[in-house]
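Thanks for coming, everyone. Let me put the structure up, and then I will walk you through the ligand and its surroundings.

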Amino acid sequence: MMLLKGKTGLILGVANRRSLAWAAATAVAREGARLALSCRSERIEENVRELARQLDRPLILRCDVTQDADLDRMPETLRRSFGTLDFVIHAVAFAQREDLAGRFRDTTRAGYHLAQDVSSYSLTAVARRVAPLMEGRDGSIVTLTYLGGQRVVPHYNVMGVAKAALDMSVRYLAADLGPEHIRVNAISAGPVRTLAASGIRGLSRLLSFHRAYAPLRRNTALEDIGNAALFLVSHLSRGITGEVIHVDNGFHILGLAGLDPEG
Ligand code: NAP
């Protein structure tokens, strides 16, 4: 029995086959979900259409989450194609490259606003628009966050502040939408080499540090994220909302890494 047979979902943030959104898309499609994939630009849309051939004819939408007109169009398109919606996976973030290196204090007002707008506010903007489509469906909304929103991670800077706002948005939205039986959760993913992550200075060192010190001594795999997203949009997680689930091989439990316990 497939977990998501008869369910429909919207996934934002597929850029290529390394995207966490694509890992989620393949996991939920495997369990029978019908999908709409949304991407920002025409350039990326071609890529996404090519990838989408591996799925069962998903709907492809264009939506720049900073544009209200794009966001406003989305629910109507989804309603026409699907009627209702069961889940959303939000895997969208952006900050200027110069704000993901150097000193946090040098963040400009424009860079700060941009990171917040795309990476944090967009979750609320999307949730508001899709909630009516989830009426009576026990809906689930999942976003992607990172430990850098809870603790200081070198170079993560303005994105860490945006992720902190995103994590808190998850809790407020969960409280807001809970009475409508819509759950809202986040996956805090360990570092994975994706297009967005490549913008963070020192990514290679971060990945080897995780591999060396995470309790499970491995890096986060794309399938780990896909399967966690599948769990969160399925009825198996029915009692979970407002939660940030770490899928990072246990890295977040460490207070201090790198000391030899025998030493
Ligand atoms: P990715 O493949 O580069 O995905 C990021 C997506 O965000 C891209 O599809 C990008 O579209 C989209 N995006 C950026 N600005 C947008 C806008 N204005 N409107 C609509 N879409 C926009 O990288 P990823 O690592 O999978 O990122 C997905 C999520 O996972 C992000 O929230 C990220 O912070 C989070 N995350 C990643 C890691 C990691 O190590 N990779 C760890 C924890 C959390 P374009 O390509 O067209 O710009």
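Which residues come nearest to the ligand? Of the 29 residues around it, counting a residue as near if one of its heavy atoms lies within 4 Å, the nearest are Ser19, Arg40, Lys163, Val192 and Thr194. Please keep in mind that this is a predicted model, in which local features need pLDDT of at least 70, side-chain atom pairs count only at pLDDT 80 or more, and totals for chains, interfaces and linings use all residues. Residues are numbered from 1 along each chain as its sequence is written, and side-chain values use heavy atoms, with hydrogens and water left out.

Turning to polar contacts, meaning pairs of N or O atoms within 3.5 Å, an oxygen atom of the ligand is 2.7 Å from a polar backbone atom of Val192, while a ligand nitrogen lies 2.9 Å from a polar backbone atom of Val65. Taken alone, the ligand exposes 880 Å², of which the protein buries 93%, with areas from the Shrake-Rupley method and a 1.4 Å probe.

As for confidence, pLDDT, which runs from 0 to 100, has a mean of 96 over the protein, and 99% of its residues reach 70 or more.

Note on methods: Polar contact = N/O pair within 3.5 Å; in protein donor to acceptor, adjacent residues only side chain to side chain. pLDDT = per-residue confidence, 0-100.
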